[in-house]
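Me: I'd like to go through this model and ask how each label is earned. Could you show it first?

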Amino acid sequence: MAADTTALASTIGAAGTEAEGVRRERWRTIGRMVWSTLLLLILTFLVVYPVAMLLLGALTNTNPVVDGFGAFHLSLKNFTTVLENPNVHLALFNSMVACGGGTALAVLIGLTFSWIVVRTDTPFKGFISAVSMIPLFVPPLVAAVAWSILASPKSGLINTFLKWFDIDWRFDVYTMGGLIVIFGIYYAPYVYMFTASALRNMDPSLEEAAEISGASATKTLFTITFPLIAPAIISGTLLSFVVMLGIYGIPAVLGTPGDVPVLTTYIFKLTNWSPPLYSTAASVAIILMIVTGFLVWLQQRVISAKSYITVAGKAFRPGVTRLGHWRYFTLGLAVIYLFVVVILPTLAIVVAAFRKFLFIRNVASLFDMKQYSLIHFERLFENPLAMRSIWNTMEVGVVTALVGGVFAFAIGYTVNRTNLGGRKVIDVIATIPVAIPGLVIGVAYLWAWIGLPGGLYGTIWILALAFIARFMPDTIKALSTSLLQIHRELEEAAWICGKGMLGTIRTIVLPLARPGVISAMTLLFILAIRELGSSLFLYTSNTMVMAVLLLDYYEGGNVGITAAFSLVQTILLAVLIGVANLMSRGGAGDGIKQAN
Amino acid sequence: MSAELKIENLRKQFSVGRPAIDDGSFRIEAGEIVVLLGPSGCGKTTTLRCVAGLEHPTDGRISIGHDIVSDPARKLLVPPRLRNVGMVFQSYAVWPHMTVAQNVAYPLKQRKVSSADIESKVAEVLEVVGLGEYAKRPVVSLSGGQMQRVALARSLVYKPQLLLLDEPLSNLDAKLRLRLRDDLRRIIKQTDVTALYVTHDQAEAVVLGDRIGVMRDGKLLQMASSVDLYNRPSDLFVANFTGASNTLGGKVIERNGDYGKVQAPSGQTLTAWMPPSVKAGEAVKIAVRPENVQLGVDATSVPNRFAAKVAAQHYQGVQTIYELSALGGKLEALELGTHPRYADGADVDIVIPPSLCWAFPADEKAVIE
């Protein structure tokens, strides 16, 4: 472009114009450098600095609060000492078993449902497809609370029912088995998403060819279908493993009473020690980050490896297996799943929230209206912290969405639509948080800011910045999709018409990308208000947020108030997601599926 | 081991719309290649898939050799894997997670053939399709044309009674399509298998088929050898679809046997062949292929000789297309040769041989109106 302008100027032959062209080009070069540098500086502030501090924290044995900020006694020994700690081994082992078992169950459920939905004539497939995705919208912490109400060994509602009928069997969700089952049923959608779309995009003639060749339906499934969607299965498996590994709410609720520590709960326990073991926590966080990073890298490689899914010349509808009477069995599976992941937990929360005492003597007592009241809600809102936590959460959410959205747009545009120097580096740094669990971001921000007097620590800004950093890859990805849909020639046409770069962005790109920008911001808002892992380390009593307070109530042991607050949060989230969906026509919902 | 295919009164009705196949009947002799030709949506692929067993017919009977494989009236439906047919798909459908040899060996494995036999049969058929040296390659490393050869080898390796080909060349680029087209016929004839071939490309149909069946809207309009199809189309649609793009309105003055006199829009009369149903006094459409309009013929006593004017000349390198004003309408004429003989506006005499000039009832639906 610039060279063309100069060439044009010289053919006209006006020496003055030529000189001006050269001068303007010099200013533009400087402007580009300033812009790249600015983005890199912000990214350093958001991502590089906290992660670097986390690394330093792992290599020291000082406490940034007690010993002051710059006092590091760096030594690899601190890190190796942590590696030899048997408690760390136990937490790592438990994490692997829980996530491994949970993933296996999730693959079984996800693959079964994707086959049912895409490849069979089961009735109400639209309904089943929706049911398979619902768990993504249930906040993990609330799900865990609901299941502790349902299946705690002594007072769990299911166990109470079993006692009524004199059945001598008790469920205990406070065990490794319980953790695995809850992980498995709530993270099955990750596997489902990948495998269902792979099955849908597979050319059915690949299977028909096997049938013609003489293979039976089962044989075709195992020799052709599953091998072909293997990349999707592996990718979904790795993703659900990674998400389970980084989640805090579920193991905190279920693993703590039964003493099943995993990496995330162990890290938090370390920072709650007296005195807090910040450096040990940093070391364990590094371990968690390395495992996660490796798995994410593996997943990206599987995704980017040459896909087996071939594109056929004509549109196709997937071949459908006629199940006969078995189709009512497959429908039944879906109904049971809906019951277990949504209906039963919701009922449990509702009963616990409105019932004065959770103990239920018999069936008559369950329906005795005198046993129900609003007392738990009244007591919840008597505590000023409850209202404040809701306001704080909204405030953090709005700040995160606005600042994060604008910043992500700047990065997305720079990376996808310009040829600025340094944009590759910007892209790489902005993608790093994908491989960092929320809880690790929390620890990193803690290390980065806690020792600095008068800094960010203790304000809602540290929460917002941590969330912006944590969800940056998801936001940029959501935005890039809508940016890439705007054809490059639309911008070039504006340039030819004489608009400058910034003018083009303002008059062409932004108006066209607006639905994408709005849906990315609402996505960011919703992700921020339900985030628990990174908030844990960054809140103070003034900046308490909903998810953390809920966990406090749960750990305080008051089931009624916990259930009431869970209900309040769930309804609030449902309303907000509903509004967001209306605003962005489904964009935010899709985003949550990807970003969870 | 090739067998005849017999289709009687085949009907296929999907949940919505008109029948995809409407009362289709035809027979393919053992060892014969029949091509189903027609525009998209005419039911040719559905017919093929019914024969394969991938689609379930609503009515009618399909027999391969002595076995009835589909007869809904008797609730009889043999699954695809037991029909012993081979099929080549438009999208190749070679399995990308296997090598060339593994792809080709797959049907033999389902038939419990011993591994020594598998090896020799795979090698033999790969030699036939010209991929002898590619056995160990992963199939995704091959080009589109080679993949389609793998698919062909896979469908021939177990010597099926019947080979079904569903637009096997339409995903390939033009040059490759021509080469593979000739190879396909040679290989099919060499293996002596009965074949049903589906395409929308008339050139492909002519080269490949012993007989061609033209379909439209689920109905089989005509099934004949390609020479018959090109010279005696049964109706205006078949004539148009196989390339007779010139149509002129007219009226039958008198009829003598297979031929009759037709009055053109200009008032001039010409002699044309007409199907038995056409009667004197009836309005007709005259169809002529551009290739059959002869330009500047010297002899004066030939029938159907008319004066014409070149309205536009389109030079295409190896051939020239002339848009002519003649008989009170527009006619296109095509002449081979690199040197165009007439310029825009030139007067030229044309001759349309009566046997290559067909008058069909005017109410028949044509492809090009």
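Me: What makes α4(B) a mostly covered helix?
Reply: Start with the cut-off: a residue is buried if 20 or more other C-beta atoms lie within 10 Å of its own, exposed if 12 or fewer, and partly exposed in between, with C-beta atoms placed from the backbone. By that count eleven of the 13 residues of α4(B) are buried. Among them are B:Met147, B:Val150, B:Leu152 and B:Leu156, along with B:Arg149 and B:Arg154. This is a predicted model, where local features need pLDDT of at least 70, side-chain atom pairs count only at pLDDT 80 or more, and totals for chains, interfaces and linings use all residues. Residues are numbered from 1 along each chain as its sequence is written, while chains are lettered from A and ligands numbered from 1 in the order in which they are written.

Me: What covers the buried residues of α4(B)?
Reply: The cover includes β7, α2, α3 (115–128), β8 (162–166) and α5 (174–191) of chain B. The test there is contact, meaning two C-beta atoms, placed from the backbone, within 7 Å. The element names come from DSSP runs numbered from the N terminus: helices are H or I with at least four residues, strands are E with at least two.

Me: How do you know that the length of α4(B) agrees with what a helix should span?
Reply: The rule is 1.5 Å times one less than the number of residues. For the 13 residues of α4(B), 144–156, that gives 18 Å, and the end C-alpha atoms are 18 Å apart, so the two agree.

Me: Why is β2-β1-β4-β5-β6 of chain B called a sheet with antiparallel pairing?
Reply: Two strands pair if DSSP finds at least two bridges between them. β4 (residues 59–64) and β5 (residues 67–71) of chain B have three bridges, in the antiparallel sense; one of the partnerships is B:Ile62 with B:Ser70. β5(B) and β6 (residues 76–77) of chain B have two, also antiparallel, and there B:Ser70 stands opposite B:Leu77. The five strands make an open sheet. β2 (21–28) and β6 of chain B are its edges: each has a single partner strand, so one side of each lacks a neighbour in the sheet.

Me: Which turn residues in those hairpins have a positive phi?
Reply: In the β4(B)–β5(B) hairpin, with two residues between the strands, B:Gly65 takes a positive phi near 60°. The β5(B)–β6(B) hairpin has four residues between its strands, and B:Lys75 in the turn sits at about 55°.

Me: How do you know that β12(B) pairs with β15(B) and β13(B)?
Reply: Check the bridges again. β12 (residues 246–256) and β15 (residues 283–288) of chain B share six, antiparallel, including B:Thr247 with B:Ala287. β12(B) and β13 (residues 259–263) of chain B share five, antiparallel too, and B:Asn256 stands opposite B:Tyr259. The hairpin of β12(B) and β13(B) has two residues between the strands, with B:Gly257 at a positive phi near 65°.

Me: What makes chain A agree with a compact globule?
Reply: The radius of gyration is taken over C-alpha atoms, and the globule rule is 2.2 Å times the number of residues to the power 0.38. For 596 residues that comes out near 25 Å, and chain A has 27 Å, which agrees. Its C-alpha atoms fill a box of roughly 100 × 75 × 50 Å along the principal axes. Buried residues make up 45% of chain A, which has 26 helices and zero strands.

Me: Where do the two domains of chain A touch?
Reply: The bounds come from an automatic or database domain assignment, which gives domain 1 (38–59 + 374–596) and domain 2 (80–307 + 328–361) of chain A. Their C-alpha centres are 24 Å apart, and each domain puts 38 residues into the contact. On the domain 1 side, α25(A) gives the largest share, eleven residues.

Me: What makes that domain 1 side mainly nonpolar?
Reply: Ala, Val, Leu, Ile, Met, Phe, Trp, Tyr, Cys and Pro count as nonpolar, Asp, Glu, Lys and Arg as charged, and the others, Gly among them, as polar. On that basis the side of domain 1 of chain A that touches domain 2 of chain A has 26 nonpolar, ten polar and two charged residues.
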